[in-house]
Amino acid sequence: MTASITFFPVGNGDMTLITFDNDQKLLVDLHVRKAADNDDDDTPDVMADLRGRLTRDEKGRLFVDGFLLSHPDKDHICGLATHFHLGPPDDWKKGDDKILIREMWSSPVVFRRASKDHVLCDDAKAWAKEARRRVALYREKGTATVEGDRIQIMGEDEDGKTDDILAIVVKADGVVTKLNRVASGTFEGRLLAPIPHSDDEELDELLGKNHSSVVLRFSIRGGGILDKCRFLTGGDAEVAIWERLWGKHGTYQADWLSYDILQAPHHCSWHSLSYDSYSTYGEDAEVCDAARSALAQIRKGAIVVASSKAIDPDEADPPSDRAKREYISIVDGKSDRFICVADVWEDEERALQYEITSSGITKVVKSAAKAAVAALGIGATAAQARPHG
Amino acid sequence: MATEAGTDPAEHLLRVALTHPECVGGAVLDPEGGRPSIRIDMNVEMPLDMKADGISSSGVRTCEPVVLKLPAAYPWQSPRFYLREDFPRNFPHLMPFAVTPRPCLVEGNQDEYFLQFGLVEYGIFHLVEQLALWLRKAAISDLISSEQGWEPMLRRDFRDILEIDADAARNAVTKNGGWVVWQGRFFRRGTPEACLNDVTETWISSKGVQTPLTQKADDKTFTSRRADLAASLGNTLVGVVWPDKNPDGAPRISATYLPESVATLRDLRARAAEVGCGRGLQAFLANVERSFTGMSLLAPIPIGIVLCVRRPIHLIDSTSDIELLPYVVEIRANQNRTSLFALGDDEPVAPTMHYQSLTAALLQGLSGAPARAGLAMLGCGSVGSKLAMHAVRGGQDIVTVSDESSLRPHNLARHALGAEHVSSNKAEALAMELVGFGKAPTVHKGDLSHDLRDPEHVKQIIPKTAGAAINSTASLSVREALVSAATPRLRARLFEAALFGRGRGAFLLADGKGHNPSHCDLIAELYATIDGGRAAELLFDPAGGLTEIQIGQGCGSLTMTMEDARLSGMTASLSQEVSRALDTPVQQGLIVIGTADEDSPSTCWTRYNVPAFETVSIAGSDGWQLRLSRRVADRIRAEAKACPSVETGGVMIGLTSARLKTVTVVDLLEAPADSRRTPALFVLGTDGLQSAIRNRHEQSGRTLFDVGTWHSHLGDEGPSSTDWKTAADLAAERTPPSILLITTPARFHALVSPRKDGDG
């Protein structure tokens, strides 16, 4: 099986599928807009695309081996209840044909009560409920839980709510190597955030809601060779997080931040790179050097992927054209190494996909058969059976 | 030429190419030699780190210019693709020798590929797609896929040929380097002055027989005679050279792909050195030179050279990691020579295609057939000869062929052999044909129905080396004789193949483990179980049924009309069924029956598995045996069990063979209504029995008849005095033996009244 990373065209939102070379699949975030489920709408039908990439288990259920929710914002979780099975796996119904999540990867934010600063959409509430169900089951059964009941928590809860379940908690700066209990060396994920509770209240305040975004740097095996692709993804983590990460790791382990593919945080928002408001300061807005450094640890040929709508300098941030220019400067000034998922959809009508093989990371080209239909206006292949003499 | 009226073909080609997503630019070029051509710029996706450099680790650029030239016959021929001249050369799938590198875009013939698309535009698009794929793979040197195996050097367009068994060459390879010389034959087209790589064409073949390199007075190692003005043939040699090991003792592995570019002896020496064969080649050539000391030979003689190159992985479609690189070079032993190679290191050397010699492995490979045990052919008529040829073409050995008759002119209507064999004995003629396939079957020309009854003859007709014997004589006497020969010592599985109903029907019988059920059991079972369908209609048709299956025997065969194609069609299926049966472990017997529609090409085949027959010795006889079909035996036991308090019984239907001393039971008739059942006695009634027996006889195409009666005993006692008396009464009433079968809870008993005349 060829490892790959697929970025689905979901506008300003994240929806990314990582396929490992043992065919395990990890979905990172979900953003299925209502229009995407409407056949009459031009919005890409990302769920049909996703489902086509998944396989069914012996009970006929489509499944993902893991689902990582970076943080419970609508543009990262929308469509969960509609398309994914929640509740005990035995309650899965053929008629609904929803996707089973074998193992959830959740931030500890699910233990927090909703509050004025912590407003949750329905799908986020459903995620939290399902996560709590799985944690409760773990407390009851330990590791005897089955696929569909499993969970790993990305980071410790600040109020000690994860202290009794540390076996399923990945601590900040630690690594996650198992997906659905399988540890076959296909990947290693370095958990960089959420960062544990700080005494610096002012900073905590500043970090606000996106405090909870999971930042993971994956090192992915390709064609059996370790570390062929480093993928840095950080949900909506903002400048303060990146600044802190650089402060923490910049001197001794900057390598933890290095990448071949960076998913530009917060849909290419300027606020991941700068404390200054671009609308106020315009081109005078200054980049936070530390945050930029955290996001600039490129390996040779690295690219930045903006999971956002098309970038228009005249439109509101995100996505930010100023941020785009900064990212291009990070990737050696090569504009072709900054790719907006919406542009790929516009040009090729498909998700952006990179294959990870023993040779490296290669963009998957547009299907020629599909292109032929469009270009030549004709249908299926004209191949005829050829007789052997 | 253009597909659109008034459109310039080059412009049209460019426009279509540009519709491909990876084709990012291009231009119409000035016609070259009057032929239109264009350049297209292909985007090549490659790993991010290489893309950053604009060039891949293998030397492919992110944007590659490719020239497309339109041949004169376009669009009846595909456009030709040319890469830039400095395109890296160390890939497979690059045409050898091309000055401007040409990618090999499709497996097989590119023109054929192009022409399979009715629309020229679609064909162009798909060729550009193949090009895009080729370039992407080339960028990451992935044209050799380690899973698929090592891609051998492209040699398909060479005009010279070396025909050897690749396995034999590979088997010669040892851990230490070396070389070996094989005897060979050559055919050379071209005048004596003509050179390789120019107009001379050669074909060298070798059966892999080793020969010393010594030249004696009457030596026949090298000979040459003129076939005509511009062709010669004779004896030559093939030198097989393999690599020395590395200084550290490890095997020498050549992991770099090199296109075939050898054109001179100098190139060959260099290539040999690159793959570790330099020392071996040098020694071989020096020995050839030495063996000619003091000799001269006017005609040029091509000799074959095979470099065995060890690759890091197995070759595609092979388990071996040894790639064979065959070449041909000519020696000219002129009297005043300084070397056998007239031009020294500039002597032309032609890379050749390798043709695999005709071996069982080659035929098995092409047939997709496993190695199967050899066959003994009993009968070499039209069916037998075709079965033999099918088997041998699948790489199977034919160890014996038996037939007493000669091939007569009328046999040619359907026989596998050609007219040159007319008047020869059929077995001899078939054997001769098989020699060409490297087989040497023993020929038996005796009467099979006689000889199969002699154990010494059986050892010749079906030797131990035969895994199976096929009786295709369509002779009832041969069938019985073969069954009589089927002792436990005979290991071969026995088959009978026959056609009936003017070739509209065919059957195959395969006996079971330990030759039980036998062919006689199986044919009886076939008669008993065949329903009233097409098979029964054909089988029992008085005009073309089993009574007329003796194709090729007797004068009656002249009137049997059937097309060769019909016979071949049915026989081909029988052949496949024989193979299938040989590939599956033997337990039960097998009947395969096929029937063809009268007016359509549809043929319907059915397989029946037949379990071993149960055997009971017949008391009162001199060695007769009752053979019960498992179906019948189970039915008797079930009926007896269903009457636990009274004796019950019925009539047995089957066949009798006086020669085999067997009574075979394959069906039962229920006891008539007026039969009486008591705890100590069963009396078979008579109401309607005669007509029931007659009906059964008719229904089976007049093959099956009543062979006796059966009844149950409540206890485990054998025949009672009443039973013996009844047996005596029955014997008095009719000539054929009439058997009494008694079933007790534990076993069967069978008896017959001893005939007064002692016939049993």
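# A guided tour of chains A and B

Begin by selecting strand 19 of chain B, which is covered on both faces: Gly505(B), Phe507(B) and Leu509(B) are buried on one side, and Ala506(B), Leu508(B) and Ala510(B) are buried on the other. The model in the viewer is a predicted one. In a regular strand, side chains alternate between the two faces of the sheet. Strand 19 of chain B is described as mostly covered, with six of its six residues buried.

**The neighbours of strand 19**

Next, add strand 18 of chain B to the selection. Strand 18 and strand 19 of chain B run antiparallel and are joined by six bridges. Which residue stands opposite Phe507(B) here? The residue to highlight is Ala498(B). The two strands form a hairpin with four residues between them, and in this hairpin Gly501(B) takes a positive phi near 60°.

Now turn to strand 20 of chain B, residues 589-596. Six bridges connect strand 20 of chain B to strand 19 of chain B, residues 505-510, and the pair runs antiparallel. Two pairs of residues may be displayed here. Phe507(B) has Ile593(B) of strand 20 as its bridge partner, while Leu508(B) stands opposite Val592(B).

**The whole sheet**

Widen the selection to the open sheet of eight strands in chain B, whose order is 16-15-14-17-18-19-20-21, with mixed pairing. Which strands lie at the edges of the sheet? They are strand 16 (442-444) and strand 21 (603-610) of chain B, each of which pairs on one side only. From one strand to the next, the twist averages 15°.

**Two helices across the sheet**

Select helix 9 of chain B, residues 382-393. Helix 9 lies across strand 14 (374-378), strand 15 (398-402), strand 17 (466-471) and strand 18 (493-500) of chain B. Its direction is at about 170° to strand 14 of chain B.

Then select helix 16 of chain B, residues 564-583. Which strands does helix 16 of chain B lie across? They are strand 14, strand 17, strand 18, strand 19, strand 20 and strand 21 of chain B. Helix 16 runs at about 160° to strand 18 of chain B.

**The domains of chain B**

Zoom out and colour chain B by domain. Domain 1 covers 9-140, domain 2 covers 161-357, domain 3 covers 363-549 + 561-610, and domain 4 covers 614-751. Taken over C-alpha atoms, the centres of domain 1 and domain 4 of chain B are 82 Å apart.

At residues 630-744 of chain B, an unreviewed UniProt entry places the feature "domain: JAB". This span is 32% helix and 30% strand, and its end C-alpha atoms lie 17 Å apart.

**Two residues to inspect in chain B**

Select Ser37(B), which is found in strand 2 (residues 35-43) of chain B. Is Ser37(B) buried or exposed? Ser37(B) has a relative accessible area of 2%, which is under 20%, so this residue counts as buried. Leaving aside residues up to four places away in sequence, Ser37(B) touches Ala10(B), Val28(B), Leu29(B), Asp30(B), Val67(B), Leu68(B) and Lys69(B).

Move on to His126(B), placed in helix 4 (residues 120-139) of chain B. His126(B) is buried because its relative accessible area is 14%, under the limit of 20%. With residues up to four places away in sequence not counted, His126(B) touches Tyr113(B) and Phe117(B).

**Across to chain A**

Finally, select chain A, which has twelve helices and 20 strands. Of its 389 residues, 56% count as buried. Chain A exposes about 16,600 Å², and carbon and sulfur atoms supply 46% of that area. Among contacts in chain A between residues at least 6 apart in sequence, 66% join residues at least 24 apart.

For a closing view, centre on Gln152(A), located in strand 10 (residues 150-154) of chain A. Gln152(A) counts as buried, at 11% relative accessibility. Which residues does Gln152(A) touch, not counting residues up to four places away in sequence? The list to display is Glu103(A), Met104(A), Trp105(A), Ser106(A), Ile168(A), Val170(A), Val176(A) and Lys178(A). Gly66(A) may be added as well: Gln152(A) and Gly66(A) are 86 residues apart in sequence and 9.5 Å apart in space, C-alpha to C-alpha.

Technical notes: Residues numbered from 1 in each chain as written. Chains lettered and ligands numbered in written order. Predicted model: local features only at pLDDT ≥ 70, side-chain atom pairs only at ≥ 80, totals over all residues. Heavy atoms only, no water. Domains from an automatic or database assignment. Buried < 20%, exposed > 50% of the residue type's maximum accessible area, 1.4 Å probe, protein only. Contact = heavy atoms within 4.5 Å. UniProt positions renumbered as here; feature names shortened; annotations may be inferred. Areas by Shrake-Rupley, 256 points an atom, 1.4 Å probe, with all protein chains shown as cover. Pairing = 2+ DSSP bridges. Axes fitted to C-alpha atoms, helices over the stretch in contact; angles between N-to-C directions.
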